[in-house]
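Student: Please take one part of this structure and go through it with me slowly and carefully. I would like a single connected explanation, with each term spelled out when it comes up.

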Amino acid sequence: MAKSSVDVFTKSIAKELQSKGIRVNSINMGQVVDSELTRKAGPQVVSKQDKSSGGRAPDGHNMGQSVLYLASNEARFITGSVLSADGDWLSANINLMAITH
């Protein structure tokens with residue numbers, strides 16, 4: 001619920017500030033970000049996500065690269081968007097059989 005609220009807030013503020021030339025975007029990190037804090041919580045926290053996603057937990061460097069992209073001129077036409085930077089967690093957990101039937 002909180003992530004959905006941030007998504008809507010991002011779009012609302014982007015609309016509000018677009019006339020001033022201010023871009024507003026957010027990054028949805030998926031589940032767990034691999035960090036010193038999550039490793040202290042226990043290695044099973046990050047490795048559990050790795051196994052469930054078939055991918056890997058994003059780390060601070062991955063998140064930083066996402067922020068740099070959105071702040072760059074390369075993304076100057078992107079505003080009101082939510083970038084999903086989740087190490088393929090979302091795509092790995094979609095039940096395609098449920099969608100097609």
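Tutor: What covers the buried residues of α4 includes β1 and β2, where helices (H or I, at least four residues) and strands (E, at least two) are DSSP runs, numbered from the N terminus. This is a predicted model, in which local features need pLDDT of at least 70 and side-chain atom pairs count only at pLDDT 80 or more, whereas totals for chains, interfaces and linings use all residues. Residues are numbered from 1 along each chain as its sequence is written, and side-chain values use heavy atoms, with hydrogens and water left out.

The buried residues of α4 are M63, S66 and L70; here buried means under 20% relative accessible area, exposed means over 50%, and partly exposed lies in between, with a 1.4 Å probe and protein chains only. Seen down the axis of α4, these buried residues fall within an arc of 60 degrees, so they line one face of the helix; the arc is that of the directions from the helix axis to the C-beta atoms. The face turned away from this buried side carries the exposed residues H61, L68 and A71. V67, which also belongs to α4, counts as partly exposed at 47% relative accessibility, and its C-alpha atom is separated by 7.8 Å from that of I27, 40 residues apart from it along the chain. As for its length, α4 has 12 residues and reaches 16 Å from its first C-alpha to its last, close to the 16 Å expected at 1.5 Å a residue, the expected span being 1.5 Å times one less than the number of residues.

From the helix we can turn to strand β1 (residues 26-28), in which S26 lies. At 12% relative accessibility, S26 counts as buried, and, not counting residues up to four places away in sequence, S26 touches V6, D7, T10, L70, S81, V82 and L83, where contact means heavy atoms within 4.5 Å. L70, one of the residues on that list, is also one of the buried residues of α4. The side chains of S26 and T10 are joined by a polar contact of 3.0 Å; such a contact is a pair of N or O atoms within 3.5 Å, and within protein one must be able to donate a hydrogen and the other to accept it, while residues adjacent in sequence count only if both atoms are side-chain atoms.

S81, another of the residues that S26 touches, is found in the loop between α4 (60-71) and β2 (82-84). Although S81 and S26 are 55 residues apart in sequence, they are 6.5 Å apart in space, C-alpha to C-alpha. With a relative accessible area of 29%, S81 is partly exposed, and beyond its neighbours up to four places away in sequence, S81 touches T10, V24, N25 and S26.

N25, in turn, is found in the loop between α1 (2-17) and β1, and a polar atom of its side chain lies 3.0 Å from the backbone nitrogen of S81. The side chain of N25 also reaches the backbone oxygen of I78 at 3.1 Å. Leaving aside neighbours within four places in sequence, the contacts of N25 are T10, L70, I78, T79, G80 and S81, and L70 brings us back to the buried side of α4.

A last place to look is V33, in the loop between β1 and α2 (36-41). Apart from neighbours within four places in sequence, V33 is in contact with T38, P58, D59, G60 and M63, and M63 is again one of the buried residues of α4. The C-alpha atoms of V33 and P58 are separated by 5.1 Å, with their positions 25 residues apart along the chain counted as the distance apart.
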